[in-house]
Amino acid sequence: MMQRLVVKVLDSVLPCLALLIVVGHVQSSLGNHYHQNASLCFDYCVIGAGPAGLQMGYFLSKAKRDYIILERNTGPASFFRKYPRHRKLISINKVNTGRQNYEFNLRHDWNSLLSDKPNLLFKRVSSEFYPPADSIILYLNMFEKELGLNVRYEVDIGRIRTVQSQAGRSYILTDQHASEYKCRVLLVATGLWVPNKISFIGSDLIEGYESMSTNADDYRNQAVLILGKGNSAFETAQNLLGKASVVHMLSANTVRLAWQTHYVGDVRAVNNDVIDTYQLKSLDGLVENNIENLAIIQQGGKKLSNMKRFYLLSKHLYENLKEMNSTYLMKDVLQKHEKERETFFWQKPYNRVIRCTGFRFNFSIFDSSATLLKSKKANGRFPGLTAWYEGIQTPDLFVLGTASHSRDYRVSAGGFIHGFRYTVRAVHRLLEQRYHGNPWQSTQLSATQLVSWILKRVNEASGLYQMVGILGDVIVLKGSHVEYVEEFPVQAMPVFPSISGHEISSGVIVMLLQYGTRKIDFLGKDRAEKEWAKAWKSNFLHPVLYYYQTLPTKKDMKFRPKGWPLPKPKAIHHIIENFFTEWHAPKIHIQPLRRFLEHCMQTDLRAFYAESCFSSSLTHCKPPLFCQEGYLKHHGVTRRIQPWRDSYDPVIMTVKQGASQDASEADPTFSKYLAQAGMLFSSGLKLEL
């Protein structure tokens, strides 16, 4: 009887126990994400599972941080599922470089993301130099799956607001189902996807790049006007050239070619056939005029075909015609045109007018408490950000990826995968310092190792190479050793200690890669500087080092010379440009670099064999630094037949015995070079006797 009673009790209790176990499992699986009002709480929320969002997800996952990536679509890379419309990427995928160095190869791989898996590269899905757009979707899917990133799909965030509590400021994200996500730090990686529509008379009559037909046969024997002269406009023109009777392109600016400006966002050669057909007189053409000062009218009346006819005229002429009557014919337009001598007018109609004027950031999802200001650059298409990619009036809200391009618009590659993969890493290093007390990743080096380490970086590093003039290596001088901080956003140098966690006491050297600022013929005979003593005249990409005794201030940054990434330093050194972008020649690259560093650090950085160290130890009170840290500590120096030819290991390059003359006996050409570069110069460095 007792057994039956126990069985009945268990039968009635078991369902409740099962329910409690399920609920407990759900709550424990959510951990501290469970909240009484059904919102989920995370330290970091990333909006967008495109390349920038997944890149940040990798860094957060590697650091074992509490994060989630929210994506409105069913999979990653939603932008690339539709764009570019003609399904061909113009991002370089140079698989064959002749090198096995992972970091060096990233200089020529514009599609891969950063990870600790050396085989997780874009070349696994495509080997084409200009790959199909679908390959980036495959790659990002692979990246997310193989790294096991925490992504939640079909979450469309429609509202972002902030709340204040005793714990501090938090962001509340509301999705299409009214579910809420609460986070301490918000990372916005939504890119630019809202079509940039320009309002003018007749703008409602035209087609948009986002909705146009991509079937070239639909434009057969039609006259087409394309508004815009960016890459989307040239991509569209390229697709139509073989079918359309006429292709005209119109914008306020002249064409800017990427190979002339060194800006990857300008027109790429792969899509500029229409320039050939224009200049070789084959019906196509490019015209400059402000789109907002134009009017497009659709002519009524009898038509010879079913094709539409759009006429383009000036806004001024259109307004005059409206005053005449509301049913004007094209003969009225022609008469008015001749009478007023309008210079901007096409007498022949277009059958299609297509808007290709780019995209804008989606500001609409931000509540007034979390409003992102618009940048003054690019007509407000980007949000305004600090030099460390944080919203100007929205602390703890960072913008990643293409949307962060306002910081280097028309200067570097921060709006593209091969650029923002490094700025995302820079933001993550800032997060680690600010919220977890982990200083910016750095390497402590002996001063005598500095030359070799710099050469290794300028010859291999991909972050410096891609983010030209924006990310730089910061060398914190500390007497006989240095702290080497890699890929810091140089526009944030005034607040370097608080962002990096490294203090400045004895000066700092900032190294980055730059193009020259002079306007030249980039295919001309004299386009390259050949004399190392005139390295400051280099036009192509080359390393530049800035030495400051104290950090530049915000005022210094604001009033820096035009075209300079940093204010005028105490001393500056250009390493002369090289056709192969390799800097390892002993006389024209290494020796001038060493002498510059010796000048800044006021110490002898030459390398010596044991015999020379032994001799100087007997004859000088204080032997050279290299001998102090090597020979006198029983560290040997190995001879090399061909030092520094094919590798750049951070070991000291030895010099021939007998080459240990006093530093003050240097080639006088170097003093002349420093003077031309506008740099202060001390006559020499002497050992203490």
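1. In which sense, and over how many bridges, do strand 9 and strand 14 pair? Strand 9 (residues 223-227) pairs with strand 14 in the parallel sense, over 4 bridges, and among these partners Leu227 is bridged to Arg355 of strand 14. Two strands are taken as paired if DSSP finds at least two bridges between them, while the strands (E, at least two residues) and helices (H or I, at least four residues) are themselves DSSP runs, numbered from the N terminus.

2. A word on the basis of this note: the model is predicted, so local features need pLDDT of at least 70 and side-chain atom pairs count only at pLDDT 80 or more, whereas totals for chains, interfaces and linings use all residues. Residues are numbered from 1 along each chain as its sequence is written, and side-chain values use heavy atoms, with hydrogens and water left out.

3. The sheet to look at is an open one of 5 strands, in the order 8-14-9-10-11 and with parallel pairing. Strand 8 and strand 11 (285-288) stand at its edges, and because each has a single partner strand, one side of each is left without a neighbour in the sheet. At one edge, strand 8 (residues 207-208) pairs with strand 14 in the parallel sense over 2 bridges, and Gly208 has Arg355 as its bridge partner there. At the other edge, strand 10 (residues 246-251) runs parallel to strand 11 and is joined to it by 4 bridges, with His248 bridged to Gly285 of strand 11.

4. Strand 14 (residues 352-355) deserves a closer reading, since in a regular strand the side chains alternate between the two faces of the sheet. Here both faces are covered, with Arg352 and Ile354 on one side and Val353 and Arg355 on the other, all of them buried. In this note buried means under 20% relative accessible area, exposed means over 50%, and partly exposed lies in between, as found with a 1.4 Å probe on protein chains only.

5. Helix 5 (residues 231-240) lies across strand 9, strand 10, strand 11 and strand 14, and runs at about 170° to strand 10; such angles run from 0 to 180 degrees between N-to-C directions, with axes fitted as lines to C-alpha atoms, for helices over the stretch in contact. The helix is mostly covered, as 8 of its 10 residues are buried, including Phe234, Glu235 and Leu240. The buried residues of helix 5 pack against strand 9, strand 10, strand 11 and strand 14, and also against helix 7 (273-279).

6. How many residues make up the largest nonpolar core, and which of them touch the most other members? The core holds 122 residues, and Ile160, Leu173, Leu186, Leu187, Leu431 and Met493 touch the most other members; helix 10 (residues 417-436) gives the most to it, with 9 residues. A second, separate core has 33 residues, including Leu541, Ala571, Ile575 and Met601. A nonpolar core is a set of buried Ala, Val, Leu, Ile, Met, Phe, Trp, Tyr and Cys residues joined through side-chain atoms within 4.5 Å. Leaving aside neighbours within four places in sequence, Ile160 is in contact with residues including Ile47, Tyr171, Leu186 and Phe366, where contact means heavy atoms within 4.5 Å.

7. Helix 2 (residues 51-62) packs with helix 10 at an angle of about 40°, their axes being 9 Å apart. The crossing is right-handed, a term used if the near helix is turned clockwise from the far one by less than a right angle, left-handed being the anticlockwise case. Among the residues that meet are Met56 and Phe59 in helix 2 and Phe420 and Leu431 in helix 10.

8. Some loop positions merit a check by eye. The peptide bond from Tyr83 to Pro84 is cis, with omega near -10°, and Pro84 lies in the loop between strand 2 (67-70) and helix 3 (102-105). Lys64, in the loop between helix 2 and strand 2, has a positive phi of about 60° although it is not a glycine, and is exposed, with a relative accessible area of 73%. His262, in the loop between helix 6 (258-261) and helix 7, likewise has a positive phi, of about 65°, without being a glycine, and counts as partly exposed at 23% relative accessibility.
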